[in-house]
There are 2 protein chains.
Amino acid sequence: MSRQHGYDLIERIGNLLRAEARQAGAGHGLQPVQLQALAYFARANRYSDTPAALAEYLGVTKGTASQTLMVLEALGLVSKREDKDDRRVTRVQVTAKGHQLLDKLLPPALWRNASAELSAAAAQRIEDELVRLLRVLQQVNQSRTFGVCNTCEHFLREGGRKFRCGLTAEPLSIEESRLICREHELKTGT
Amino acid sequence: MSRQHGYDLIERIGNLLRAEARQAGAGHGLQPVQLQALAYFARANRYSDTPAALAEYLGVTKGTASQTLMVLEALGLVSKREDKDDRRVTRVQVTAKGHQLLDKLLPPALWRNASAELSAAAAQRIEDELVRLLRVLQQVNQSRTFGVCNTCEHFLREGGRKFRCGLTAEPLSIEESRLICREHELKTGT
DNA sequence: TTATTATAGTATCGAGTCGATACTATAATG
DNA sequence: CATTATAGTATCGACTCGATACTATAATAA
């Protein structure tokens, strides 16, 4: 019935959620971008917990990403440490305080309430279509997918509960296999 | 397959499109928000072409909306005029230059290319689910829907090609009935 | 009528985003 | 060992955006 185009719809939805995220974060002195960055590191695996990866994920320059991180660090929501092997890289962890805040703020109340209004089936349909849309966009944009490790082209099952990354050849824990990875690639033929 | 949650998906999609919109507008000295505002006025009907309506649409304060408009006016993309009946209100029109720019920039190339990759049926499925999601969000948020006039609860067909708004009692042209309206309300039982 | 209150919009300020540029430090490559 | 690439930071300027205060006009109440 509605004659709105897809792009307008996405814009509308984005505006509503952004306004909500702004309000949610404002109470704790956080901008929407900062909240997104915090959420990213809470779900990033060991190949993806760096400022450079955040910049790619958010689609901003590394300078901007660096600034965002400085704010989060000053607030005690994340901590940094130097990588042992490559002393150029900095690794970022979410602190207990950061995790606590995330649990409280994300997803925002509007989203939670909206989800409650939907049947499980309806929510699943929406999610399925969103996944399709995202994949096409990423494919066209040739951007990294930042998918979950165990859905990756490089993910190997070595029998039982043993997993390995085919790209780095390193073994992976179950927990690790559920985090998002910068090197994630869509399985061919999916 | 994917274990990402709906909210993360929306965030990802939003980031990709926002980065694209930023790039598109940057070449013409426009910020993403300014482009959105311009697009809004290009599709706003006569009840909705004011700074206050823009503020509601974008979810920002009227001060912010006013500033955004000042930029667009300085660039010659919109023009303002006083309302005849209520001298407090300002009406905003997109200039020829503004329309020209919009045609060039929106929807952004990424979206156009992605659409080209999808079958008509797949695109329709995505759009349908986006509409559902948006409606639930608006319902929960109790925000205005900003829908197209002829999908409104107040829209009246008076036989043939004659239409009328049941809220203001004014007659509507066919063209007008295709624009978005600040007073739009979802039909009950849809 | 006249006071009060509500609404539309602008002006101004400060905190923050974000891109651009330049820079340092380390690693990889020739 | 020189060159080049990469990770990250520092700094600056243009801009967003909320908060607050303000003006002008309209609607409402006394």
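**Exercise 1. Find what share of the DNA strand C atoms within 4 Å of the protein belongs to sugar or phosphate, then describe the surface around that strand.**

Step 1. Of the strand C atoms within 4 Å of the protein, 64% are sugar or phosphate atoms, and the rest belong to bases. The model is predicted: local features need pLDDT of at least 70, side-chain atom pairs count only at pLDDT 80 or more, and totals for chains, interfaces and linings use all residues. Residues are numbered from 1 along each chain as its sequence is written, chains are lettered from A and ligands numbered from 1 in the order in which they are written, and side-chain values use heavy atoms, with hydrogens and water left out.

Step 2. Collect the residues near the strand (one heavy atom within 4 Å of it). There are 23 around DNA strand C. The closest are A:Gln34, B:Ala52, B:Lys62, B:Ser66 and B:Thr90.

Step 3. Look at the phosphate oxygens, using polar contacts (a pair of N or O atoms within 3.5 Å; within protein, one must be able to donate a hydrogen and the other to accept it, and residues adjacent in sequence count only if both atoms are side-chain atoms). B:Ala52 places a backbone N or O atom 2.8 Å from one. B:Thr90 also uses a backbone N or O atom, at 2.8 Å. B:Lys80 uses a side-chain N or O atom, at 3.0 Å.

Step 4. Assign elements (DSSP runs numbered from the N terminus: helices are H or I, at least four residues; strands are E, at least two). H4(B) gives the largest share of this surface, four residues.

Step 5. Sort by class (Ala, Val, Leu, Ile, Met, Phe, Trp, Tyr, Cys and Pro nonpolar; Asp, Glu, Lys and Arg charged; the others, Gly among them, polar). The surface near strand C has six nonpolar, nine polar and eight charged residues.

**Exercise 2. Which residues are closest to DNA strand D, and which element gives the largest share of the surface near it?**

Step 1. Strand D is surrounded by 23 residues, the closest being A:Lys62, A:Ser66, A:Thr90, B:Gln34 and B:Arg88. Sugar and phosphate make up 66% of the strand D atoms that come within 4 Å of the protein.

Step 2. Check side-chain contacts to phosphate oxygens. A polar side-chain atom of A:Ser66 sits 2.6 Å from one. For B:Arg87, the distance from a side-chain N or O atom is 3.1 Å. For B:Thr64, it is 3.3 Å.

Step 3. H4(A) supplies the largest share, four residues.

**Exercise 3. What rotation and shift superpose chain B on chain A?**

Step 1. Superpose by least squares on the C-alpha atoms of residues with pLDDT of at least 70 in both copies. The result is a rotation of 180° with 0.0 Å of shift along its axis, at RMSD 0.0 Å. That is the relation of a two-fold axis.

Step 2. Locate the axis. In chain B, B:Gly14 comes closest to it, with its C-alpha at 3.1 Å.

**Exercise 4. Describe the interface of chain B and chain A.**

Step 1. Count contact residues (heavy atoms within 4.5 Å). Each chain gives 55: 55 from chain B and 55 from chain A.

Step 2. Take the buried area (accessible area, 1.4 Å probe, that two parts lose on being put together, summed over both). The chains bury about 5,500 Å², 68% of it on carbon and sulfur atoms. In chain B, B:Tyr7, B:Arg12 and B:Leu137 lose the most, together 13% of what that side buries.

Step 3. Search for salt bridges (a side-chain nitrogen of Lys or Arg within 4 Å of a carboxyl oxygen of Asp or Glu). Four cross the interface. A:Arg125 and B:Glu129 meet in a salt bridge at 3.8 Å, N to O.
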